[in-house]
Amino acid sequence: MQVLIKKNPDALAKAAAEFITKQIKEVLKKQDRFTIALSGGSTPKALHELLAKSPFAEQIPWLQLHVFWGDERYVPIDDEQSNAGMAYDTLLGHVFTPEEQIHVWRTELEPEAAAADYDRVLHDYFGDTGPTFDLVLLGMGDDGHTLSLFPGTEVVHEQTSWTKAYFLKQQNMYRLTLTAPVVNRASCVLFLVAGPKKAAPLKEVLEGEFRPDTYPSQVIKPADGQLIWMVDEKAAANLSQ
């Protein structure tokens, strides 16, 4: 695991854009496609906006990207809460990646059917063994959650299924999410974390005891891939390193 500390959210987004661009180029030297799982939230939004413009937009071979999402709220894509909608507004609507290579969670289906559909797509892409995504982008909430793996939810302990749909009572809505088994087979997982509210949970996730029911981000541990935490100084304030 690597922990990389950047001065502020702007520096964090720029460093992430540089890392992602380099990663895409390196991987595409060895294969003809790059699979990436995007995240929602304010930090990824700033990242998307950087990737969509010069110099990054010209450097990335968008035609070879295959795009997924780590999780989604069970809302239409034109809802302001939609992670996919945000990505189209800030990134995918400004570059050219073929639509057939962009895989949104199908929230027009019933929640369980949407999860099953995404599971089928993932298994078609990656098969039952070997690595999955070339890169998974993740954030971490103030409560230590990542994806839609929230504290105290059963999905945190999922060992078999790659996707889950469940009703999150505190938000009064269904959530659709990848689970630890598929993410932990990724070649690279990049967490982006910024802001003072993240300082306490980040210290627990990285330096505390393993308590995934309280800090679900702890279940993300790639078996054979890289795990990188890119954080700003305010989020890193409590870390001992």
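1. Start with a charge over a ring. Lys 221 sits over the face of Phe 210, 4.5 Å from the ring centre. Keep in mind that this is a predicted model.

2. Next, the aromatic pairs. Searching the whole structure gives 10 of them. One is formed by Tyr 74 and Tyr 174, in an edge-to-face arrangement. Their ring centres are 6.2 Å apart, and the planes meet at 75 degrees. Edge-to-face applies because planes over 60 degrees apart count that way.

3. Where do Tyr 74 and Tyr 174 lie? Tyr 74 is in the loop between strand E4 (71-73) and helix H4 (83-92). Tyr 174 belongs to strand E7 (residues 173-178). The pair therefore ties together parts that are 100 residues apart in sequence.

4. Both tyrosines of this pair have some surface. Tyr 74 has 24% relative accessibility and counts as partly exposed. Tyr 174 is partly exposed too, with a relative accessible area of 34%.

5. Now Trp 105 and Tyr 118. Their ring centres are 3.9 Å apart and their planes are at 20 degrees, so this pair is stacked. Trp 105 comes from the loop between H4 and helix H5 (111-126), while Tyr 118 is in helix H5 itself. The two residues are 13 apart, and the pair links distant parts of the chain.

6. Are Trp 105 and Tyr 118 buried or exposed? Trp 105 is buried, at 3% relative accessibility. Tyr 118 is buried as well, at 1%. Both values fall under the 20% cut-off, which is why the two residues get that label.

7. Trp 105 and Tyr 118 also belong to an aromatic cluster. Its other members are Phe 68, Tyr 125, Phe 126 and Phe 133.

8. On the overall fold: the protein has seven helices and nine strands. Among contacts between residues at least 6 apart in sequence, 75% join residues at least 24 apart.

9. On overall dimensions: the C-alpha trace spans about 45 × 40 × 35 Å along its principal axes. The radius of gyration is 17 Å. A compact globule with 241 residues would have a value near 18 Å, so the two agree.

10. Finally, burial and surface. Of the 241 residues, 55% count as buried. The accessible surface comes to about 11,200 Å². Carbon and sulfur atoms account for 49% of that surface.

Definitions and conventions: Residues numbered from 1 in each chain as written. Predicted model: local features only at pLDDT ≥ 70, side-chain atom pairs only at ≥ 80, totals over all residues. Heavy atoms only, no water. Phe/Tyr/Trp six-rings, centres within 6.5 Å; stacked < 30°, edge-to-face > 60°. Helix = DSSP H or I, 4+ residues; strand = E, 2+ residues; numbered from the N terminus. Buried < 20%, exposed > 50% of the residue type's maximum accessible area, 1.4 Å probe, protein only. Lys NZ or Arg CZ within 6 Å of the ring centre and 35° of its normal. Rg over C-alpha atoms; globule rule 2.2 N^0.38 Å. Contact = heavy atoms within 4.5 Å. Areas by Shrake-Rupley, 256 points an atom, 1.4 Å probe, with all protein chains shown as cover.
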